[in-house]
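User: Please take a close look at the aromatic ring pairs here, and explain how each pair is classified.

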Amino acid sequence: MNILHLDTNHELLINQLNDLGFTNHEDYTSSKEQVEAKIQDYDGIILRSRFTIDKQFLDAAKNLKFIGRVGAGLENIDCDYAQTKSITLIAAPEGNRNAVGEHALGMLLSLFNKLNKADAEVRQGKWLREDNRGIELDGKTVGLIGYGNMGKAFAKKLRGFDVEVLCYDIKAGVGNENAKQVTLKEFQERVDVVSLHTPQTPLTLGMINSEFINGFKKPFWFINTARGKSVVTIDLVSALKSGKILGAGLDVLEYEKASFENLFSNTMPEAFQYLIDSENVLLSPHVAGWTIESKEKLAQTIVDKIKANFC
C-alpha cells in the first residue's frame, strides 16, 4: 500500500510503517490542488490539519482506503462522505489525552493563584502580595462538558484534590469512578469550574454562548482546551465583564484558522483585545496536546491502528 504523508510528524511513524512493508511518500509543500491531482495513486494519507479533506478531494482519491489524522479531532474531514466510500478514519485521541489533562489542570491552578499576573508584576519590580492572594481548588465542584478521552484524562488528574467532579455528555453511561455523570440542569446548578472537552461538530459550534452561560446558578471559572469555535467570544467577554465568568483559560480561540497554525490575518477583533488585556484570562496557542511526549505517542497510536486494520 502507498501512503502519502502531508504533514511532518515524529520519525517513528514513517520508520515503523516502512518496517511493516508500506511505501511512504512525503509531500509537505504542494497545494491542495496539486495533491488532489495525484491522490488516486495512494491507498492512505496521513496528516494533521494542513487542509480540509472534502467531497471533491475524496472523489479524486479513487483508491483511498484510510485517512490517518495525527490528532484527536476529525472536523477537517468530511467523515460521512468518506464512510460512504468505505474509507477507514483513524484518529489518535489516546496519544495526547494525558497532555491535555495536564494542561487543563495547569491553566486552572494558574488562574486560581494568579500566576501570570504575579509573574508579570514581579518582573516589573512590583511586590504585591495581597493583590495576588489566590484561592484553593479543594472544596470546589469541577464540571466537565464532554467525557471522552480528554475529559477522562482531566478527571484523572483531579483525583489528588478534594474536589467533586461532575460530567455532562450527550452519550449516556460515560461516567466513571473519577466523575459522576449528571443532567445539564444539575450540572449548571452545582459547578464552580467548567472545562470543555467536546469535539467540533454542528452541535458544539457556538455552544458556549450567552444563553448557555446565563443558565449557570453560580459564577464560574472556564477552561477550554477543546475547540475555539465552540465558544462565542463576544459572549464570553460579556460574561467576564459582568463577573458571571470569574476567569478563563483558553488554549483555543474562535479566530483560529482551520489548520490551527495561525490566528487571524486581518485586524485584531475587539473581543480578543479584551482577552489580551485581562488579568483573569490565560492564553496559550493551541498547545494543550502538543508536548514532546505526545508527539511520539500520537505517531505510535496511528501506526498501531493502521497495523491493526491493514496488516
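Analyst: What follows describes the aromatic pairs and the burial of their residues. The model is predicted, so local features need pLDDT of at least 70 and side-chain atom pairs count only at pLDDT 80 or more, while totals for chains, interfaces and linings use all residues. Residues are numbered from 1 along each chain as its sequence is written, and side-chain values use heavy atoms, with hydrogens and water left out.

A pair of aromatic rings is described by the distance of the centres and the angle of the planes. Rings of Phe, Tyr and Trp (its six-membered ring) pair if their centres lie within 6.5 Å, and planes under 30 degrees apart count as stacked, over 60 as edge-to-face and the rest as tilted. The structure holds seven aromatic pairs. One of them joins phenylalanine 51 and phenylalanine 57, a tilted pair with 5.8 Å centre to centre and 55° between the planes. Phenylalanine 51 counts as buried at 11% relative accessibility, and phenylalanine 57 counts as buried at 0%, where buried means under 20% relative accessible area, exposed over 50% and partly exposed in between (1.4 Å probe, protein chains only).

The rings of phenylalanine 66 and phenylalanine 310 have centres 5.1 Å apart and planes at 35°, so this pair is tilted. Because phenylalanine 66 lies in strand β4 (residues 66–69) and phenylalanine 310 in helix α12 (residues 292–310), the pair ties together parts that are 244 residues apart in sequence; helices (H or I, at least four residues) and strands (E, at least two) are DSSP runs, numbered from the N terminus. Phenylalanine 66 is buried, with a relative accessible area of 0%, whereas phenylalanine 310 is partly exposed at 24%. Elsewhere, ring pairs link Phe187, Phe212, Phe216 and Phe220 into a cluster.
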